[in-house]
Amino acid sequence: MQIPIVDKDLAKKLGDKKLGEDNYGSQYNVGEYYMIHHENNLYWIAPIEYNGFFEWANQQTSPGYVMVNAVDQSDVKIVKQELKYVDSAYLWDDLNRNNYFNNMFAWRANEAHLELTDEGEPRFVETVYINKLGFTNGKDVVGVIVTNPLTGECEYFDYLDAPTWINHIIPEEIIVEQLSYWGNYVHGFFNSIFAKKDVLEVSTGLNYILSNGNMYLQTGMTSIGSDESIVGVMLVDMRTKVAEFCRI
């Protein structure tokens, strides 16, 4: 089991510092960080994004991405591998626009995030979901869109058939939403309003754990009673959504 000691905020500071040291700070910034499992290590990874339209028009490709070792803060590097389709690009190089026109009828749950294949090739991954409660509630994951950031080629996979190198298939917000349903409606809707027997809620703060090659989201479950005490820890596999509740 590996537990990260570098949180996202520290990873951002280390990545920004590295970007400045390599003289990229005037034209680029670092995008959103996600934690991945690659080559038996945990890394925070984020694409290098343009600072604006003129920077994009001048360069046309991003120089690569930043990797921060989540268990060793001295291991910070910029991997130089051109990314043409990124979130901050414009016109037809805009990653979001590219994914939309290639998958016009897919409801995408979040912004595409960067991950690495087993061969170390960068790919953007975006979750596709459906609403199971009417047309507006009850999000549940059905697949992922994988985009090559150099060519813009998109490929759709059902979430159970997704490549094994993808760590984040189930987004944090969907996991937290479904855990909230589970904790709130343990004895039905009316109990959640009146008696509130055994009702739980998700505590603030999330963490990642790597165990047996699988990425888990870890969070506490808190009693809704007056003491608001933590009653247990929930571990959720971010690929399969299999959850395990460990009572304290």
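**Exercise 1. Describe the lining of the second largest pocket by residue class, and then locate this pocket in the predicted model.**

Step 1. Sorted by class, the residues lining the second largest pocket comprise 4 nonpolar, 7 polar and 4 charged ones.

Step 2. The lining consists of 15 residues, and those nearest the centre of the pocket are His37, Asp118, Thr164, Trp165 and Asn167.

Step 3. Strands β2 (34-38) and β13 (214-223) each contribute at least two residues to this lining.

Step 4. The space in the second largest pocket amounts to about 190 Å³.

**Exercise 2. Carry out the same analysis for the largest pocket.**

Step 1. The space in the largest pocket is about 230 Å³.

Step 2. Its lining is made up of 17 residues; Glu32, Glu49, Asp87, Glu111 and Ala112 lie nearest the centre.

Step 3. Four elements each supply at least two lining residues: β3 (41-50), α3 (95-102), β7 (113-116) and β8 (122-133).

Step 4. The class composition of this lining is 7 nonpolar, 4 polar and 6 charged residues.

**Exercise 3. Determine how β9 and β10 are arranged, and identify the turn residue with a positive phi.**

Step 1. Strand β9 (residues 137-147) and strand β10 (residues 154-158) run antiparallel and are joined by 5 bridges.

Step 2. Within this pairing, valine 144 is opposite phenylalanine 157 of β10.

Step 3. The two strands form a hairpin, with 6 residues between them. In the turn, glycine 152 has a positive phi of about 80°.

**Exercise 4. State how many salt bridges are counted, and classify the partners in the bridges of lysine 18, lysine 84 and arginine 97 as buried, partly exposed or exposed.**

Step 1. The count comes to 5 salt bridges. As a general principle, side chains of opposite charge can pair when their charged atoms come close.

Step 2. Lysine 18 pairs with aspartate 22, with 4.0 Å between the closest N and O atoms. Lysine 18 has a relative accessible area of 22% and is therefore partly exposed. Aspartate 22, at 28%, is likewise partly exposed.

Step 3. Lysine 84 and aspartate 93 meet through their side chains in a salt bridge of 3.4 Å, N to O. Lysine 84 counts as partly exposed at 24% relative accessibility. Aspartate 93 has a relative accessible area of 8%; since buried means under 20%, this residue is buried.

Step 4. Arginine 97 forms a salt bridge with aspartate 94, and their closest N and O atoms are 3.9 Å apart. Arginine 97 is partly exposed, with a relative accessible area of 32%. Aspartate 94 is buried, at 15%.

**Exercise 5. For asparagine 40 and lysine 241, give the phi value, the location and the exposure class.**

Step 1. Asparagine 40 is not a glycine, yet has a positive phi of about 65°. This asparagine lies in the loop between β2 and β3.

Step 2. The relative accessible area of asparagine 40 is 60%; because exposed means over 50%, asparagine 40 is exposed.

Step 3. Lysine 241, also a residue other than glycine, has a positive phi near 70°. The loop between β14 (230-237) and β15 (243-247) contains lysine 241.

Step 4. With a relative accessible area of 27%, lysine 241 is partly exposed.

Notes: Residues are numbered from 1 along each chain as its sequence is written. Side-chain values use heavy atoms; hydrogens and water are left out. Two strands pair if DSSP finds at least two bridges between them. On a 1 Å grid over the protein atoms alone, a cavity is a set of points where a 1.4 Å probe fits but cannot get out, and a pocket is an open set with protein on both sides within 12 Å along at least five of seven lines; lining residues have an atom within 4 Å of a point. Grid points are joined across faces, edges and corners, and a volume is the space filled by probe spheres set on the points. Ala, Val, Leu, Ile, Met, Phe, Trp, Tyr, Cys and Pro count as nonpolar, Asp, Glu, Lys and Arg as charged, and the others, Gly among them, as polar. Buried means under 20% relative accessible area, exposed over 50%, partly exposed in between (1.4 Å probe, protein chains only).
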